[in-house]
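Student: Could we take a close look at one part of this protein together? I would like to start with a pair of charged side chains and work outwards from there.

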Amino acid sequence: MTKTFKVRNYKRVEEVEITSGNGLVILGGKNAQGKSSFLDAVREVVKFVGVRETPEPIRQGEDEAEVEIVDHDRDRRYVRTFKRAKSGKVSSSVAVLALDGARYENASQIIAEDLGAELIDAAQFAMLGARDQRDTLLRQVDLPFDLDELARKKKGVEDERKISNAEVKRLQG
């Protein structure tokens with residue numbers, strides 16, 4: 001599971017490359033040195049949801065930023081590029097490439113399948129009912145409890161309270 005993470009001109013990060021094996025990687029350093037910027041950059045690729053999560057991804061004074069994850073086991077590169085137009089507007093693109101340079105079609109789908117992200121189209125999401133929106137968002141996280149079970153317990157407590165209140169009123173009666 002060897003991966004290389006490369007970040008260039010993303011927020012506070014000028015350029016950094018970290019290769020991880022099967023072990024733990026610990027980022028350390030003083031405040032305002034780019035640790036969170038590096039993690040945000042990696043999240044932009046790993047949790048790719050079709051829209052940019054960071055309002056100003058490009059390092060101040062630069063016109064382009066790039067985030068790349070190289071998965072040596074799959075022989076693939078996942079690349080997210082941000083470009084600033086002369087108007088100041090920032091656009092981004094995503095690509096999946098073989099290590100020999102061949103470009104894969106449907107980059108977003110491959111990222112979703114390989115890296116476990118779920119693609120969320122904002123327009124389609126807005127049209128979903130509340131329950132479907134909730135379920136879509138819950139697929140993005142692992143909660144340490146079951147929300148449905150919690151709701152059932154809450155309803156049970158509320159029902160018991162109603163019965164108790166009715167009994168108090170009857171006795172005060």
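Student: Which residue forms a salt bridge with Asp71, and how far apart are the closest N and O atoms?

Tutor: Happy to walk through it with you, and please keep in mind that this is a predicted model. The partner of Asp71 is Arg74, and their closest N and O atoms are 3.2 Å apart. That pairing fits a general idea: side chains of opposite charge can pair when their charged atoms come close. For a salt bridge, the side-chain nitrogen of Lys or Arg has to be within 4 Å of a carboxyl oxygen of Asp or Glu, and the 3.2 Å between Arg74 and Asp71 is the value to hold against that cut-off.

Now look at how each partner sits. Asp71 is buried, with a relative accessible area of 2%, whereas Arg74 is partly exposed at 38%. Buried here means under 20% relative accessible area, so the 2% of Asp71 puts that residue in the buried class.

Next, move along to Glu68 and Arg77. Their side chains also meet in a salt bridge, with 2.6 Å from N to O. Glu68 counts as buried, at 7% relative accessibility, while Arg77 is partly exposed, with a relative accessible area of 24%.

Arg77 also leads us to another residue, Leu97. Leaving aside neighbours within four places in sequence, Leu97 is in contact with Arg77, and its other contacts include Asp75, Arg76, Val79 and Tyr104. Leu97 lies in strand 5, which covers residues 90-98, and counts as buried at 11% relative accessibility. Try finding Arg76 as well: Leu97 and Arg76 are 21 residues apart along the chain, yet 5.6 Å separates their C-alpha atoms.

Let us step back for a moment to see where these pieces belong. The protein has 5 helices and 5 strands, and along the sequence they follow the pattern β-β-α-β-β-β-α-α-α-α. Of its 173 residues, 29% are buried. Among contacts between residues at least 6 apart in sequence, 43% join residues at least 24 apart. A search of the whole structure finds 17 salt bridges, and the two pairs we have visited are among them.

One more salt bridge is worth a visit, towards the end of that pattern. Here the side chains of Arg131 and Asp148 meet, at 3.4 Å from N to O. Arg131 lies in helix 4 and Asp148 in helix 5, so this pair ties together parts that are 17 residues apart in sequence. Salt bridges that share partners join Arg131, Arg134, Asp135 and Asp148 into one network. Arg131 is partly exposed, with a relative accessible area of 46%, and Asp148 is partly exposed too, at 28%.

Finally, look at the loop between helix 4 (130-138) and helix 5 (147-172), where you will find Phe145. Phe145 is partly exposed, with a relative accessible area of 43%. Together with Val141, Leu143 and Leu150, Phe145 forms a nonpolar patch on the surface, and the four share about 350 Å² of accessible area. For the protein as a whole, the accessible surface comes to about 11900 Å², and 50% of that belongs to carbon and sulfur atoms.

Note on methods
Residues are numbered from 1 along each chain as its sequence is written. This is a predicted model: local features need pLDDT of at least 70, side-chain atom pairs count only at pLDDT 80 or more; totals for chains, interfaces and linings use all residues. Side-chain values use heavy atoms; hydrogens and water are left out. Helices (H or I, at least four residues) and strands (E, at least two) are DSSP runs, numbered from the N terminus. Buried means under 20% relative accessible area, exposed over 50%, partly exposed in between (1.4 Å probe, protein chains only). Contact means heavy atoms within 4.5 Å. Accessible areas come from the Shrake-Rupley method with a 1.4 Å probe; for residues, only the protein chains shown count as cover. Patches are made of residues with over 30% relative accessible area and no salt bridge: like charges are joined within 9 Å, nonpolar side chains (Val, Leu, Ile, Met, Phe, Trp, Tyr) within 5 Å.
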